[in-house]
Amino acid sequence: MSKTTISEYSFLERFNTEEKAVEFFEMLRWKGGTTCPSCGGTDTYPHKTRKFYYHCRSPKCRNQFSCKTGTVMQSSKLPVRMWLYAMYKVSIARKGISSLQLAKQLGITQKTSWFMIQRIKEACGNDTDTMLSGIVEIDETYVGGLERNKHESKKLNEGRGVVGKAPVLGIRERGGKVKVKVVEDRRAETLKREIAGIVEKGSIVFTDDWKSYNCLIDSDYEHATVNHSAKEFVRGMASTNGIESVWAVLKRSIIGTYHHVSLKHLHRYVNEAAFRLNEGNVKNKLMDRLEALCCKMVGVTLPYRALTA
Ligand SMILES: [Zn+2]
């Protein structure tokens, strides 16, 4: 068994105090050199009375902060240990974790656990990776709602789209990472703009024959299409099979665990599925995945009012 695996029992034993959880998170965040999130200064000292807090010594700053400051945990009164446990549960889940389940496990209200989970999902989308390049597959799909539960009159099909769902753009680098993003629509201008922000110029891009992708002809990319309607899934090297397996994971996780996701929050569920796809096999890399998630928590804040507005 890989040494990066950790059972729930061992996890609870290892992080059996708030001190241990804070120390773990601080080490990942600051690598041993406590840094003021406000001014970036490293001249800091522990707060005399507030546990787990530091003072910044810079005369212009004098900020008080903890390891939660400037992360999605910032406005939360819950201990870091609970956050770490929630992150562990998100990391280990194959499809995701429900707020009801987490509430029971932590002994908190479902409302509180829902906010926790939304913030962790927000962090999952904290993507500072470089752009995708090389051979890249691009596709879009519609996600959200549950078509079979909708009244017949609402089942309005508009081509490949469905009312009550949102278009999601998926981009996968062959042998590399996946990026998934909720987009405004699937018109040429929108897709072109989004692709330019994710894929490096000069890459080879494979798409299906949806007309909007004509925007990639004579662009900064080398473009090849796969004709799905003709059941031509693999034409030489050109295929979008890789990205289609991403849709399978995404739809299974959203429908299988969450049953219904409103369009307002959909992008966070998409973030989480992408994180899961990118961080590899759970069994072998659980601690790596947990550490990666901790690092993503930094630099992202999601205030209560933004979640409820
Ligand atoms: Zn400072």
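Q: Two strands pair if DSSP finds at least two bridges between them; how many bridges join S4 to S9?
A: This is a predicted model, in which local features need pLDDT of at least 70 and side-chain atom pairs count only at pLDDT 80 or more, while totals for chains, interfaces and linings use all residues. Residues are numbered from 1 along each chain as its sequence is written. Strands (E, at least two residues) and helices (H or I, at least four) are DSSP runs numbered from the N terminus. S4 and S9 run parallel, Val 136 stands opposite Val 205 in S9, and the number of bridges that join S4 to S9 is three.

Q: In what order do the strands of the five-stranded open sheet lie?
A: The pairing in this sheet is mixed, and neighbouring strands are turned by 25° against each other on average, direction ignored. Strand S8 (178–182) and strand S10 (222–226) are the edge strands, since each of them pairs on one side only. Read across the sheet, the order is S8-S7-S4-S9-S10.

Q: Over how many bridges do S9 and S10 pair?
A: Strand S9 (residues 204–208) and S10 pair in the parallel sense. Among the facing residues, Thr 207 stands opposite Thr 225 in S10, and the bridge partner of Phe 206 is Ala 224. The number of bridges over which S9 and S10 pair is five.

Q: Helix H6 packs on the sheet; what angle does its direction make with that of S7?
A: H6 (residues 188–198) touches strand S4 (135–143), strand S7 (166–173) and S8, where a contact means that the C-beta atoms of two residues, placed from the backbone, lie within 7 Å. Angles run from 0 to 180 degrees between N-to-C directions, and axes are lines fitted to C-alpha atoms, for helices over the stretch in contact. Helix H8 also packs on the sheet, touching S4, S7 and S8, with its direction at about 175° to that of S8. For H6 and S7, the angle is about 35°.

Q: How is H5 placed relative to H8: oblique, roughly parallel, roughly antiparallel or roughly perpendicular?
A: Helix H5 (residues 110–124) and helix H8 (residues 266–278) pack at an angle of about 60°, with their axes 7 Å apart. Angles under 35 degrees count as roughly parallel, over 145 as roughly antiparallel, 65 to 115 as roughly perpendicular and the rest as oblique. The angle therefore makes the placing of H5 relative to H8 oblique.

Q: How many charged residues does the contact of H5 with H8 have?
A: Gln 118, Lys 121, Glu 122 and Cys 124 in H5 meet Arg 268, Tyr 269, Asn 271, Glu 272 and Phe 275 in H8. Ala, Val, Leu, Ile, Met, Phe, Trp, Tyr, Cys and Pro count as nonpolar, Asp, Glu, Lys and Arg as charged, and the others, Gly among them, as polar. By class, the contact has three nonpolar and two polar residues, and the number of charged ones is four.

Q: How many of the five residues of S9 are buried?
A: A residue is buried if 20 or more other C-beta atoms, placed from the backbone, lie within 10 Å of its own, exposed if 12 or fewer, and partly exposed in between. Of the 309 residues of the protein, 32% count as buried. S9 is largely enclosed by the rest of the structure because, of its five residues, the number buried is four.

Note on methods. Pairing = 2+ DSSP bridges.
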